[in-house]
Amino acid sequence: MAPLSGPTIKTKKRALRHALLLCLLLPCISQPLPAPSPSPTAAPPAATLHLSPFNDRLDAAYIALQAWKHAILEDPKNLTADWCGPFVCNYTGVFCTAAQDDPHILTVAGIDLNHGRIAGFLPDHIGLLADVALIHLNSNRFHGTLPPSMQHMRLLYELDISNNLFSGGFPSFLTSLPSLKYLDLRFNKFDGQLPDAVFGRQLSLDALFANNNRFNVTLSSQSLTNSTASVIVLANTELAGCLPPSIGDMADTLVELILLNTSISSCIPPEIGKLKKLRVLDLSRNELAGELPESVGDMESLEVLNVGYNQLSGVVPESICLLPKLKNLTVAGNYFCGEPVSCLHIPVRDDRMNCIPEWPHQRTHEECIAFEHRPPVHCGADGCIVHHPL
């Protein structure tokens, strides 16, 4: 008999390993197994592709998911109760499809455990899910840090870990993931500096939600305005620096910018009017001073403008009230002394607590006189407030 070739020996060894794995885990299987779950993407279901549920990638996924299951302390909705046995594509919240680099191989492409209220942590083995494209863990109770092994997830496109208990510094490896476009870290306990690389063109995020953490962010022409993101939400975060004139450089991409309650002490640069694609701008509850630029009236896509509860003054420019798509205007809590009648036609408008004569619900006369006697505010070329001595 001719000696067996290398590939034949390898094939037999792999078949033997799979057979042993099945025998060891057969008690976990209590009923006939359905076809593998379809991927959430547009790819055809695995059953249609006739892909085997046995291969090295699914073996690695089994190790990762079993380690994860052992790291779960509470699962009140029993979402991981069926995480048993080698057929990981049948696990609740696990989605499989053909591998991007080999359409003949079935692999884990997504994990979705949103709103599970699961308590636990992410084990280092999670990095074995190298083909995963999306991870959705919104509204759980995961704690600790993101394991560095996640740097091996080169196909990760969406990462949503919002509304959990994650802590520590910003996971630096995230900035090296080449496919990451959607990053949602909001409502956690992350702290420290949010690195400039988060806004860099090398990462090229399309959406960044970092609000309601303990991050520190420094605004400069080298950081925020380098971003290619269409949505940036940094609300309830400590921001340092001023709104730079280079904010206009984001005109081609930015659609939504929310910086409410970030302690910014700044003027609003006229260059902000270049953001003609922007639909939502929320700069409320900060320390913005000076006038509302006339150029905001050039932001033809603007639907929501909120600059409430700052220290802005002067007259609300009529060009803003004539914006064709503006549905919601909030200028409350400032020191504006005039507002055009055309603003009355905006569906949702809040102009309370200003200094507009004969307008209802305004500040007291004494408050307005006291504000007029404050030192004048001047805006520097960098967007920062310059206080000149009297």
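This tour visits a set of paired strands, a pocket, a nonpolar core and two loop residues in a predicted model.

**Strands β18, β20 and β22**

Begin by selecting residues 287-291, strand β18, together with residues 311-315, strand β20. The two strands run parallel and are joined by 3 bridges. To find a point of register, display Gly 290, which has Leu 312 of β20 opposite it.

Next, add strand β22, residues 335-338. This strand also runs parallel to β20, and 3 bridges join the pair. Here the residues to label are Ser 313 and its bridge partner in β22, Tyr 335.

**The largest pocket**

Keep β18 and β20 on display and turn to the largest pocket, whose volume is about 300 Å³. Its lining comprises 16 residues, and those closest to the centre are Ala 289, Gln 311, Phe 371, Pro 375 and Val 377. Select these five to centre the view.

Now colour the contributing elements: β18, β20, α5 (365-372) and β25 (385-387) each give two or more residues to the lining. Which of these elements gives the most to the lining? It is β18, with 4 residues. Colouring the lining by class shows 6 nonpolar, 6 polar and 4 charged residues.

**The largest nonpolar core**

Move on to the largest nonpolar core, a set of 90 residues. Select Trp 68, Leu 129 and Leu 159, the residues with the most contacts inside this core. Elements that each supply at least two of its residues are α3 (56-70), β2 (94-99), β3 (102-112), β12 (214-219) and α4 (318-321). Helix α3 provides the largest share, 6 residues.

To place this core in the overall fold, colour domain 1 (51-160 + 168-177) and domain 2 (192-389) separately. Both domains give residues to the core, and it therefore lies between them. In general, nonpolar side chains tend to be buried together in soluble globular proteins.

**Two loop residues with positive phi**

Finally, inspect the backbone at two loop positions. Most residues other than glycine have a negative phi.

Select Arg 117, in the loop between β3 and β4 (119-120). Although Arg 117 is not a glycine, its phi is positive, at about 55°. Is this residue buried, partly exposed or exposed? Arg 117 counts as partly exposed because its relative accessibility is 46%, between the limits of 20% and 50%.

The last stop is Tyr 309, in the loop between β19 (304-306) and β20. Tyr 309, likewise not a glycine, has a positive phi of about 60°. With a relative accessible area of 32%, Tyr 309 is partly exposed.

Terms used: Residues numbered from 1 in each chain as written. Predicted model: local features only at pLDDT ≥ 70, side-chain atom pairs only at ≥ 80, totals over all residues. Heavy atoms only, no water. Pairing = 2+ DSSP bridges. 1 Å grid on protein atoms, 1.4 Å probe; cavity = no way out; pocket = protein on both sides within 12 Å on 5 of 7 lines; lining within 4 Å. Points joined across faces, edges and corners; volume = space filled by probe spheres on them. Nonpolar A, V, L, I, M, F, W, Y, C, P; charged D, E, K, R; others polar. Core = buried A, V, L, I, M, F, W, Y, C linked by side-chain atoms within 4.5 Å. Buried < 20%, exposed > 50% of the residue type's maximum accessible area, 1.4 Å probe, protein only. Domains from an automatic or database assignment.
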